[in-house]
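Subject: Structure handover

Hi there,

Here is the structure I promised to pass on to you. Please open it alongside this email, and my notes follow underneath.

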Amino acid sequence: MSLVLRSSDDPLVTGGTVKVLAGGAIPWRISEGNLEVLLIHREKYDDWSWPKGKLDDGETLPQCAVREVQEEVGLRITLGIPLPAIRYPVKAGQKVVYYWAAHVPSEHFAPDGHEVDAARWVSCAEARRQLTNPSDIDPLDTLEGAYINGRLATVPFIVVRHAKAKPRSSWTKEEGKRPLAATGKRQALEVDALLSSWRPERVASSPWTRCIQTVSPYLKRHDLGVKLVPALTEHEAKRRPSTARKAVLKLLNKGVPQAVCTHRPVLPLVFDALAERLPGPLARFLPAADPYLRPGAMVVLHLPVTKLRKPVSVEVFETFDD
């Protein structure tokens, strides 16, 4: 499983033995000044619930959530804030479903007609009355609370550690040109797939080769350029740590969906800078011990569009490592 940690989840829900993993989302919109959410009806179970489905082999949970919403109701979403995971028993054992909020600017949807035979936009109050599984109310309560507190409409800020590079011991040329290993190139494809769940519009990176190669598949897929930030190389961050911290905060202050790729030795400076903006309870979800992140792993923060200086959630995800 690629998921490591989300600030939205209760360890009692996500911990222990889990036989079935699933991902889903609560699509939301503002209609005539009111918050509405999208409920689905599944003919097989005759229930009202949220779009969700089981994790496919080789798939991350964010990818699963995006795919399931598209398959079940024809909406191509990007993920917003994480919502509390829920747990309940099924025939195979304990099942955990990880949810996210997903803003849908258009009302158009198309139930697949196979598993989902109906869908409707409803108020949060109406959703509580219609939901079949009482545990589905937990993520709804969090979504509505975030809306009331101005924390539902957000932009992602994503920190990526570059994928696995060729060993230093076998590289005799300039350090900044040390490329990804074969595993790292495969991880870069996973980074692309994972980043696409949030679709950052801008990408910043250390100019060293292994960082650029890590984000290149994502840049190519979405036809984006990259902003090179020399302060985030290993050498510059070691020489001028305060400059590296300022560079991170400057990127954070842009207030746009953004990803930034850097190196393991730079990560403690990055996370220290981010911790200054995080409320105390959230700061503890940032990686705090070496190696901070594994190659190709990422930390996802969400910042309200109206309060860009205070992230409201923290998530940590990994790609594979063979």
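Is K227 buried, partly exposed or exposed? K227 is partly exposed, as its relative accessible area is 48%. Please keep in mind that this is a predicted model.

**Surface patches**

K227 sits in strand β11, which covers residues 227–228. Together with R202, K250 and K254, K227 makes up a positive patch on the surface.

There is a nonpolar surface patch as well, formed by I30, Y147 and I148. Its three residues have about 290 Å² of accessible area together. I148 belongs to helix α4, residues 137–148, and I148 counts as exposed because its relative accessibility is 63%.

**Cysteines**

How many disulfides does a search of the whole structure find? The search finds 0. A disulfide is a covalent bond between the sulfur atoms of two cysteines. For C211, the closest cysteine sulfur is in C261, and at 4.0 Å that is too far for a bond. Seen from the other side, C261 is in no disulfide either, with the sulfur of C211 as its nearest cysteine sulfur, 4.0 Å away. The cut-off for a disulfide is 2.5 Å between the sulfur atoms, so the 4.0 Å between C211 and C261 does not qualify. C211 is buried, at 0% relative accessibility, and C261 is likewise buried, at 0%.

**Backbone points to look at**

Most residues other than glycine have a negative phi, and most peptide bonds are trans. With that in mind, here are some places you may like to inspect.

- The peptide bond from D290 to P291 is cis, and its omega is near 15°. P291 is placed in the loop between α10 (280–283) and β13 (298–304).
- E32 is a residue other than glycine with a positive phi, near 55°. You will find E32 in the loop that runs between β2 (20–31) and β3 (34–42). E32 counts as exposed, because its relative accessibility is 80%.
- R199 also has a positive phi, near 50°, and is not a glycine. R199 lies in the loop between α5 (182–195) and β10 (202–205). At 39% relative accessibility, R199 is partly exposed.

**Sequence and space**

Two residue pairs show how separation along the chain and separation in space can be set side by side. T319 and T60 are 259 residues apart along the chain, while their C-alpha atoms are separated by 8.1 Å. T319 lies in the segment after β14 (313–317) and is buried, with a relative accessible area of 11%.

For W121 and S169, the separation in sequence is 48 residues and the C-alpha to C-alpha separation is 58 Å. W121 is part of strand β8, residues 116–122. Its relative accessibility is 13%, so W121 counts as buried.

**Salt bridges**

How many salt bridges does the structure hold? There are 22, and a few are described here.

One of them links K177 to E174, where the closest N and O atoms are 4.0 Å apart. K177 is exposed, with a relative accessible area of 51%.

Another joins R178 and E175, with 2.9 Å between the closest N and O atoms. Here R178 is buried, and E175 is buried too.

A further salt bridge connects the side chains of E236 and R239, at 3.0 Å from N to O. Where do E236 and R239 lie? Both are in helix α7, residues 234–239, and they are 3 residues apart, about one turn of the helix. E236 is partly exposed, with a relative accessible area of 22%, whereas R239 counts as exposed at 56%. Elsewhere in the list, D56, E59, R67, E68 and E71 are joined into one network by salt bridges that share partners.

That is what I have for now. I would be glad to hear your thoughts once you have had a look.

Best wishes

Conventions
Residues are numbered from 1 along each chain as its sequence is written. This is a predicted model: local features need pLDDT of at least 70, side-chain atom pairs count only at pLDDT 80 or more; totals for chains, interfaces and linings use all residues. Side-chain values use heavy atoms; hydrogens and water are left out. Patches are made of residues with over 30% relative accessible area and no salt bridge: like charges are joined within 9 Å, nonpolar side chains (Val, Leu, Ile, Met, Phe, Trp, Tyr) within 5 Å. Accessible areas come from the Shrake-Rupley method with a 1.4 Å probe; for residues, only the protein chains shown count as cover. Helices (H or I, at least four residues) and strands (E, at least two) are DSSP runs, numbered from the N terminus. Buried means under 20% relative accessible area, exposed over 50%, partly exposed in between (1.4 Å probe, protein chains only). Lys and Arg count as positive and Asp and Glu as negative; His and the chain ends are not counted. The place of a charge is taken as NZ of Lys, CZ of Arg, CG of Asp or CD of Glu.
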